[in-house]
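Hi everyone, thanks for making time. Let me put the structure up on the screen, and then we'll walk through it together.

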Amino acid sequence: MSSLSLASLLSPGAFDRPVDQVGANERAAKFTKRSIKTEAKHQGLLMAISMIDLTTLEGKDSPGKVRQLCTKGIQPDPEDLSLPHVGAICVYPSMVRTAASALEGSGVNVASVATAFPSGQLALSERLKEVEQAVSDGADEIDMVINRGAFLSGRYQEVFEEIVEVKKACGPAHLKVILETGELESYDNVRRASHIGMMAGADFIKTSTGKVSPAATMPVTLVMLEAIREHYLETGRKIGMKPAGGIRTSKQALHYLVMVKETLGDDWLTPDLFRIGASSLLNDILMQLAKQRTGAYQSADYFSND
Amino acid sequence: MANLQEKPTSSSRPKLNFGSKWDYAPAPESTAVVDIAPEYGQFIAGEFVPPSSGQTFETINPATEEVLSRVARGCQADVDKAVTAARAAYEGTWSKISAPDRGKYLYRIARLIQDRSREFAVLESMDGGKPIKESRDVDIPLVAQHFFYHAGWADKLEYAFPNQTVSSLGVAGQIIPWNFPLLMAAWKIAPALACGNTVVLKPAETTPLTALLLAKVIQEADLPPGVVNVVTGDGEAGAALASHPGLDKVAFTGSTEVGKAIRRSAKTRNVTLELGGKAANIIFEDAPIDQAVEGIINGIYFNQGHVCCAGSRLLVQESVHDEVVQKLSDRIATLRVGDPLDKNTDIGAINSREQYDRICSLVEAGKAEGAEFHQSDVPVPGKGFFFAPAYFTGVAQSHRIAQEEIFGPVLSIMTFRTPDEAVAKANNTKYGLSAGIWTDKGSRIFKMLSKMNAGVVWANTFNKFDPSSPFGGYKESGWGREGGAQGLGAYLEVK
């Protein structure tokens with residue numbers, strides 16, 4: 001894969017472009033000033049539901065829990081059957097079969113974290129085996145983690161090649177590449193890792209595992225969206241974006257959608273190219289939609305807790 | 001966007017689609033919070049009084065062209081009265097009360113402005129056309145900050161000038177522009193009062209309403225009558241004030257042309273002028289380009305480009321020219337032009353028909369000179385004065401649009417090859433108010449900084465204001481500094 005190192009030497013443009021942290025933070029904050037009301041809010045919230053990767057990633061996950069979550073993902077609110085289903089249900093590999101059978105025919109995808117999530121600290125062969133197993137069990141989407149140890153010690157080539165291998169192992173399944181931005185720290189690193197992921201074959205790039213703090217933030221997501229924009233303008237290939245972890249309210253979700261709309265344009269306002277990894281967000285959206293429908297806020301007891 | 005996105009070299013480039021898939025619903029700020037009187041008098045000696053001539057003139061909302069109110073047309077007699085009132089207040093109370101008491105009044109005014117910030121913001125946007133987002137988040141908070149900052153100085157003036165003695169000057173005549181109406185009033189009034197002077201303020205003809213609301217707040221703050229006087233009017237009142245023999249100080253912010261006339265007619269040697277600019281915003285090839293593009297946006301499209309320190313000349317290193325222009329073109333497609341009171345508006349109304357015409361005529365000149373004009377095709381309202389964000393490429397130093405202040409949302413883009421060439425081009429102007437430098441290299445920032453003939457130089461940011469930072473120009477951009485400890489010197493006799 002000498003193309004990567006050669007590219008970075010010959011055209012230091014996109015790949016090594018610095019990011020000014022203060023400027024990126026300021027720009028991200030501006031999206032939160034948009035005022036999304038009435039019809040726009042309604043439309044935005046429906047869009048957000050369809051983009052949720054409804055997630056459970058706990059040691060205590062069980063088939064019963066996963067089946068419940070799948071039901072919720074297919075039909076978020078029994079009071080309003082017109083709502084769209086979520087984008088995917090995101091589970092550990094051991095739960096893929098359960099999820100796949102529960103979601104069959106629903107249009108909701110099965111996403112599985114893999115590659116020794118969340119640390120990634122296993123031999124590559126083991127990680128690849130895990131991916132293959134998850135895909136054969138019925139995963140439509142694989143959320144892998146990059147090798148941060150290799151990245152932070154400057155072994156970019158290794159990071160790149162591992163993603164290429166995982167992509168191969170995915171076969172028909174879509175690949176989301178988790179950068180774990182909370183461990184990369186600087187925006188320069190986030191940008192570089194984004195480009196490595198996209199060049200190596202990612203269908204999506206994703207901020208976080210949700211197991212490291214900080215998880216998704218608006219500025220980090222902005223830096224990644226800008227990298228996606230650069231990649232698209234250079235190659236014509238549209239890569240998806242998935243912020244994950246820390247997005248809990250409707251208002252936050254709308255801010256992220258505003259940022260996507262004004263950075264990448266309308267084409268990315270689809271579950272095919274934008275997802276939000278979240279567990280508690282869905283009920284907050286349902287609460288806001290019920291408020292729009294009935295004029296009053298309902299208590300948490302009015303929304304199923306799965 | 002066809003006109004913007006077409007590049008002769010790469011017409012097949014993938015395109016971003018900033019369409020209407022998810023339109024933001026209108027989000028207008030309510031005007032219920034403001035109470036505009038059908039007519040306003042002058043604020044002299046603590047009272048609102050009718051103009052001596054009995055004449056008034058209309059002030060309109062530039063976004064709708066509807067009349068908001070009528071204000072007094074001040075003349076020589078009104079200015080005489082106001083200067084007399086200011087003199088009496090200076091001799092009688094303001095120069096006699098203790099410095100901490102002066103500070104107390106300023107703190108009180110600052111707090112009252114904060115209390116009524118929403119009202120000030122809405123009124124500012126209605127009378128001047130700037131987006132509520134800016135009046136709410138930039139103008140009015142800075143106004144309060146200026147009063148707070150100078151309130152703190154009131155009893156500490158000797159520390160600003162160690163081993164020297166300071167005393168107040170007397171009566172200051174202050175003439176302010178229409179681009180930041182209330183903020184410029186604060187820049188003028190706060191330091192003058194903190195330093196123990198009294199003032200006569202003349203707001204701009206097209207934007208008198210927030211200055212009059214400030215006068216009302218000052219009345220409520222129980223400031224001794226005559227310490228602050230406001231005379232509204234046109235150029236006649238301005239000229240009468242600038243040349244008034246009863247003044248100890250003249251402060252002006254506005255065009256270089258008028259500034260020169262004021263300098264000639266002033267009867268006092270204490271004059272500060274804050275005038276025009278044609279700032280260079282310099283982008284090196286190693287700059288953080290995405291943030292630099294935001295800096296260009298803040299530099300030229302903030303406040304419809306009605307900013308004396310606007311980054312109106314973009315100097316971009318030739319190797320990244322195409323990339324920067326492409327990103328700028330994509331970015332301005334997302335700027336929303338329209339109702340200043342809509343919370344999602346990025347670019348509001350041009351302040352007046354006169355200014356709108358001036359922008360159009362300079363744009364025509366630019367086209368005629370051979371520069372290439374590009375303008376966003378975002379929808380603009382049919383009524384009112386609106387100008388969609390635009391830029392010129394292929395601009396040469398000898399073009400009028402590279403030398404003259406357009407004072408609108410129109411950017412002139414030029415290229416350079418080396419740092420020395422950037423410095424030479426940046427300084428090759430009659431102005432010298434501000435500049436911007438974008439590079440990832442710290443050492444280059446400092447090297448450039450030392451070579452720029454500009455009063456304010458921003459590095460990897462643009463249009464950042466703070467009351468503690470002195471502001472002012474080189475060459476025809478001004479005379480003296482405002483803000484910070486340096487700005488106090490303009491309102492003090494320092495021995």
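Which domains does the assignment give for chain B? Before I answer, please keep in mind that this is a predicted model. Okay: the domain assignment of chain B lists domain 1, made of 39–274 plus 474–494, and domain 2, covering 277–459. Measuring between C-alpha centres, so to speak, domain 1 and domain 2 of chain B sit 30 Å apart. Where they touch, domain 1 of chain B puts in 22 residues and domain 2 of chain B puts in 27 residues. On the domain 1 side of that contact, the elements giving two or more residues are helix H4 (117–128) and helix H5 (132–153) of chain B. That side is a mix by class: 7 nonpolar, 8 polar and 7 charged residues.

Staying in chain B, let's look at strand S12, residues 280–283. Both of its faces are covered. On one side you have B:Ala280 and B:Ile282, on the other B:Asn281 and B:Ile283, and all of them are buried. As a reminder, side chains in a regular strand alternate between the two faces of the sheet. S12(B) runs parallel to strand S13 (residues 313–317) of chain B, and 4 bridges join the two. One of the bridge partners to look for is B:Arg313 in S13(B), which goes with B:Ala280.

Now let me pick out one residue, B:Ala192. You'll find B:Ala192 in helix H7 of chain B, residues 181–194. Why does B:Ala192 count as buried? Because it has 26 C-beta neighbours inside 10 Å, and the cut-off for buried is 20 or more. Leaving out residues up to four places away in sequence, B:Ala192 touches B:Ala172, B:Asn197, B:Val199 and B:Tyr491. For B:Ala454, which is 262 residues away along the chain, the C-alpha separation from B:Ala192 is 25 Å.

On to the place where the two chains meet. Here 24 residues of chain B are in contact with 30 residues of chain A. On the chain B side, helix H11 (residues 289–300) gives the most, with 4 residues. That same side of chain B divides into 9 nonpolar, 7 polar and 8 charged residues.

So, chain A. How many helices and strands does chain A have? There are 14 helices and 8 strands. The C-alpha atoms of chain A fill a box of roughly 60 × 45 × 30 Å along the principal axes. Its radius of gyration is 19 Å, which agrees with the value near 19 Å for a compact globule, because chain A has 306 residues. Of those 306 residues, 54% are buried. And among chain A contacts between residues at least 6 apart in sequence, 74% join residues at least 24 apart.

The 8 strands make an open sheet with parallel pairing, in the order S7-S6-S5-S4-S3-S2-S1-S8 (chain A). At the edges are strand S7 (240–242) and strand S8 (276–278) of chain A, each pairing on one side only. From one strand to the next, the twist averages 25°. Helix H5 (residues 63–74) of chain A packs on the sheet, touching strand S1 (52–55) and strand S2 (88–91) of chain A, and its direction makes about 160° with that of S2(A). Helix H9 (residues 156–170) of chain A lies across strand S4 (141–145) and strand S5 (174–178) of chain A, at about 150° to S5(A).

That's my tour, thanks for listening.

Definitions and conventions: Residues are numbered from 1 along each chain as its sequence is written. Chains are lettered from A and ligands numbered from 1 in the order in which they are written. This is a predicted model: local features need pLDDT of at least 70, side-chain atom pairs count only at pLDDT 80 or more; totals for chains, interfaces and linings use all residues. The radius of gyration is taken over C-alpha atoms; the globule rule is 2.2 Å times the number of residues to the power 0.38. A residue is buried if 20 or more other C-beta atoms lie within 10 Å of its own, exposed if 12 or fewer, and partly exposed in between; C-beta atoms are placed from the backbone. Two residues are in contact if their C-beta atoms, placed from the backbone, lie within 7 Å. Two strands pair if DSSP finds at least two bridges between them. Axes are lines fitted to C-alpha atoms, for helices over the stretch in contact, and angles run from 0 to 180 degrees between N-to-C directions. Domain bounds come from an automatic or database domain assignment. Ala, Val, Leu, Ile, Met, Phe, Trp, Tyr, Cys and Pro count as nonpolar, Asp, Glu, Lys and Arg as charged, and the others, Gly among them, as polar.
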